[in-house]
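Please open the model in a viewer and keep the sequence panel visible. The stops below are given in the order in which they may be selected.

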Amino acid sequence: MAVTGVIFVLFVLAHMYGNLKLLSGQLAFDEYAHHLRVFGEPMLPKMGLLWIMRIVLLVSVVIHAYAAFTLWGRANNARSTRYAVHKMAQASLSSRFMRWGGVTILLFVIFHLIHFTIVKPNINADYTQAQIDASPYIMATASFKIWWVVLIYVLAMIALGMHINHGLWSATQTLGWANSPSARATAKGIALIVAALTVVGFLIPPLAVAFGLIAK
Ligand code: HEM
């Protein structure tokens, strides 16, 4: 879980940084999206980098989910009688939501892939399907002009931030990266900063569109 979790965090940070290009306008964002598809050519085939990334992410999702459900089952079997004091009394908010947060993120990613990669449905009547298909910038900005789409993204990014906050800290423990009290405090601080950066960075483009701060 820890290793695949770190792979996800690296992907998420890179994706968040790339999305901020939406603030630079249609030309910059569409050029960036195109560049991702031709990156490494002719050493790699067209879409080569994208397919390597997709395969790494897909394998990581399978391993991460398999480990999560195994742990979930093990925790349920570990104790048949109830705790006298609620077992969650000492747990942080982020740690309590790990399981349902994980399921929420998985559902969000399925929605997100249908929305922006696999089907790309046009959900904004002010645009045509041809415009959506021609420009990733138009696809994203047309979507974020719709309040319920923005709401889904806001809720999903809060779930993602909480998951990263606890998951990254937990990964440092599993991988033995924080063995002293001061190293543990540093690891907690870094996890919180990465989580906050992810939530804020991902939400800047949708909120900028929703509040009319991006011109088109
Ligand atoms: C506000 C938040 C987000 C925005 C604005 C956003 C935007 C986008 C866009 C525009 C694409 C299509 C890119 C293209 O076709 O060139 C995309 C693809 C993708 N996004 Fe996001 N995304 C967000 C959050 C996330 C999160 C949180 C995850 C994962 C946890 C994620 C995972 C992916 C994946 C896996 C792809 C498919 C890449 C591919 O295989 O082509 N995204 N996103």
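**First stop: lysine 120.** Select lysine 120, whose relative accessible area of 23% makes this residue partly exposed. The model is a predicted one. Lysine 120 sits in the loop that joins α5 to α6 (129–134). Display its backbone torsions: phi is positive, about 50°, although the residue is not a glycine.

**Second stop: the whole chain.** Zoom out and colour by secondary structure. The protein contains nine helices and zero strands, so that, read from the N terminus, the elements run α-α-α-α-α-α-α-α-α. The C-alpha trace spans about 60 × 40 × 35 Å along its principal axes. If the 216 residues are coloured by accessibility, 32% of them count as buried.

**Third stop: the loop between α2 and α3.** Select proline 42, which is placed in the loop between α2 and α3. The peptide bond leading from glutamate 41 into proline 42 is cis, and its omega is near 5°. Next, move to methionine 47, also found in the loop between α2 and α3. Which sign does phi of methionine 47 have? The value is positive, near 70°, in a residue other than glycine. Methionine 47 is partly exposed, because its relative accessible area is 23% and the partly exposed class lies between 20% and 50%.

**Fourth stop: the ligand.** Select the ligand and show the residues around it. The shell holds 20 residues, and those that come nearest are His15, Arg37, Arg54, His112 and Phe202. By class, the shell divides into 14 nonpolar, four polar and two charged residues.

Which helices supply at least two residues each to the shell around the ligand? They are α1 (2–19), α2 (26–38), α3 (48–78), α5 (98–118), α8 (147–174) and α9 (181–210). The largest share, six residues, is supplied by α5.

Now display the side chains and draw the following distances to the ligand:

- Arginine 54: a polar side-chain atom is 2.5 Å from an oxygen atom of the ligand.
- Histidine 112: a polar side-chain atom is 2.7 Å from a nitrogen atom of the ligand.
- Asparagine 19: a polar side-chain atom is 3.5 Å from a nitrogen atom of the ligand.

**Fifth stop: serine 143.** Select serine 143, in helix α7 (residues 136–143). Is serine 143 buried or exposed? Serine 143 counts as buried, because its relative accessibility is 4% and the buried class is under 20%. Add histidine 115 to the selection: the side chains of serine 143 and histidine 115 make a polar contact at 2.9 Å.

**Last stop: α8 and α9.** Two packed helices are described by the angle between their axes and the distance between the axes. Show α8 and α9 alone, with their axes drawn. The two axes come within 8 Å and cross at roughly 165°. Angles over 145 degrees count as roughly antiparallel, and α8 is therefore roughly antiparallel to α9. The crossing of α8 and α9 is right-handed. To finish, colour the contact of α8 with α9 by residue class: its residues divide into 19 nonpolar, five polar and two charged. Both helices were met at the ligand as well, where α8 and α9 are among those that each supply at least two residues of the shell.

Technical notes:
Residues numbered from 1 in each chain as written. Predicted model: local features only at pLDDT ≥ 70, side-chain atom pairs only at ≥ 80, totals over all residues. Heavy atoms only, no water. Near = heavy atom within 4 Å. Polar contact = N/O pair within 3.5 Å; in protein donor to acceptor, adjacent residues only side chain to side chain. Helix = DSSP H or I, 4+ residues; strand = E, 2+ residues; numbered from the N terminus. Nonpolar A, V, L, I, M, F, W, Y, C, P; charged D, E, K, R; others polar. Axes fitted to C-alpha atoms, helices over the stretch in contact; angles between N-to-C directions. Parallel < 35°, antiparallel > 145°, perpendicular 65-115°, else oblique. Left-handed = near helix turned anticlockwise from the far one by under 90°. Buried < 20%, exposed > 50% of the residue type's maximum accessible area, 1.4 Å probe, protein only.
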